[in-house]
Amino acid sequence: MLEGPKVSQSELAKRFGVSQPQICRIIKNKERILNEWHRNGDPERKRKREGKDAALEAALLRWVEGARATDLPVSRPLLQLKAKHLAEALGRPDPEPSGGWLARFGARHNLTFKKPPAEKGDAEQPTAEHWASAVLPSLLRSYAPSEIYACAETGVLLPANHPGKGESAGDRLTLLLCTNANGSEKVPLWVVGESPRPRCLRGVNLAQMPWSYRAGSLAGMTAPLFAEWLREFNEGMRRQGKSVLLLLTKHEAHPYLQLSNVRMVFVPSATTMAQPLDRGIASDLKGHYRRRLLRWLPVERGMGQPTLLDVLHMLAQAWGDVHPELIAGCFRAASFSPDAGAEALALAPAPGPLSQEQLERRALLDKELERDGELAEADGGEGMAEGEDAGELVAVQPCPSEREVWGSLATLRRYLECQATSPDLFQAFYELEDVVHMVSAG
């Protein structure tokens, strides 16, 4: 109407039932109003409402426009995760945007969230049997076993009466496990607990730990947390120069993301095939974890019940104890491997606290100790034969008790937690701790 035949402002005011000064302001700000109307794209909107945090909304809207310009699907969980990151970057006191705030943001800017096409395609598959017999084999043929990954969550219980129980850490942890089909790469554990800031993690260099800890509602996996893990996993594959296939089950906490180096494929929930991680990998990890809990001897270590930090290290050790051969066998048993037609490995029961390999290593250690003792006696005999005064000999340190040894290991671990420059350092520490346990068990 403003572009048509000239009409007086008074006439326009009478026609729309508003005042003449209001018409004057609209004409004066015509370009700005039209620009905002086109950006919003909602012809029914009559009133411009601003959010309480204009800077956050502007930054989030720019990100949404950029994502859609590159055909990146934007879902509600992903938008919530990005809003949280932007709020933290802007230094907001409460960086967790509420669902109501996101809903109002979407309404103000006419945003709709549609299901990604890849997920729709999975949902339209006729039957789970067809997917297992035709779709999955064709997918697996395009990748090597080292490029086929599966991920899933499992839960573990914290030990009874551990420090912090009932205060912050909760009773349960959720583990996100991910590994490839030949067991050559076990992605570092992601652990979700209930406490956002556990006291025992203060001062720990979390970026260099062989595990990652996050806080979630009721210690469970959420869509924003899983999206964060997906992006970290994709970045790890990008640094390695790998393009991989990631198989996972459909779940509300598993949002679909379009990633540069990871192709996400959802396994139909109706399929009778069990995930490889449910075929024995998760249970094997839990068996190793339980054995390490039983090895924690409060009387000998003099440190009371294990803390959440101790449990996180035990879980990382238990994940490292899961053998690649068992992982490969579980993938074949679940038909998630290109060579799934071969006979699957029989899954042996979990070994006892000391396996045959550990017994052999302990025997070698015993021999080394006996030989060192004989050499020490020989050296001492030679010294006395030369007529040296025993009082002038340097004082020999007494053999430390087991409590002192475990205390020294705890001090060393704390030093690594604060100063480590790589998670790989903890693998050497875990091996040292296992050797000390075998010596003390003998």
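**Exercise 1. Determine how helix 5 and helix 6 are oriented where their axes come within 11 Å.**

Solution. Take helix 5 (residues 76-89) and helix 6 (residues 99-108); their axes cross at roughly 105°. Axes are lines fitted to C-alpha atoms, for helices over the stretch in contact, and angles run from 0 to 180 degrees between N-to-C directions. Now classify: under 35 degrees is roughly parallel, over 145 roughly antiparallel, 65 to 115 roughly perpendicular, and the rest oblique. Helix 5 is therefore roughly perpendicular to helix 6. Next, list the contact (heavy atoms within 4.5 Å). Helix 5 gives Leu 79, Gln 80 and Ala 83; helix 6 gives Trp 101, Leu 102 and Phe 105. These divide into five nonpolar, one polar and no charged. Here Ala, Val, Leu, Ile, Met, Phe, Trp, Tyr, Cys and Pro count as nonpolar, Asp, Glu, Lys and Arg as charged, and the others, Gly among them, as polar.

The model is predicted: local features need pLDDT of at least 70, side-chain atom pairs count only at pLDDT 80 or more, and totals for chains, interfaces and linings use all residues. Residues are numbered from 1 along each chain as its sequence is written, and side-chain values use heavy atoms, with hydrogens and water left out.

**Exercise 2. Do the same for helix 15 and helix 16.**

Solution. Helix 15 spans residues 402-419 and helix 16 residues 424-441. Their axes come within 11 Å and cross at roughly 175°. The two helices are therefore roughly antiparallel. Contact residues include Trp 406 and Leu 409 of helix 15, and Phe 426 and Phe 429 of helix 16. The contact divides into nine nonpolar, two polar and four charged.

**Exercise 3. Lay out the open sheet of six strands.**

Solution. Write the order: 4-3-2-1-5-6, with mixed pairing. Strands pair if DSSP finds at least two bridges between them. Find the edges: strand 4 (211-215) and strand 6 (262-267) each have a single partner strand, so one side of each lacks a neighbour in the sheet. Neighbouring strands are turned by 25° against each other on average, direction ignored. Check one pair: strand 1 (residues 148-157) and strand 2 (residues 172-180) are antiparallel over nine bridges. There, Leu 157 has Arg 172 of strand 2 as its bridge partner.

**Exercise 4. Count the disulfides, then classify Cys 200 and Cys 330.**

Solution. Apply the rule: a pair of cysteine sulfur atoms within 2.5 Å. The count is zero. For accessibility, buried means under 20% relative accessible area, exposed over 50%, partly exposed in between (1.4 Å probe, protein chains only). Cys 200, at 23%, is partly exposed. Cys 330, at 0%, is buried.

Note on methods: Helix = DSSP H or I, 4+ residues; strand = E, 2+ residues; numbered from the N terminus.
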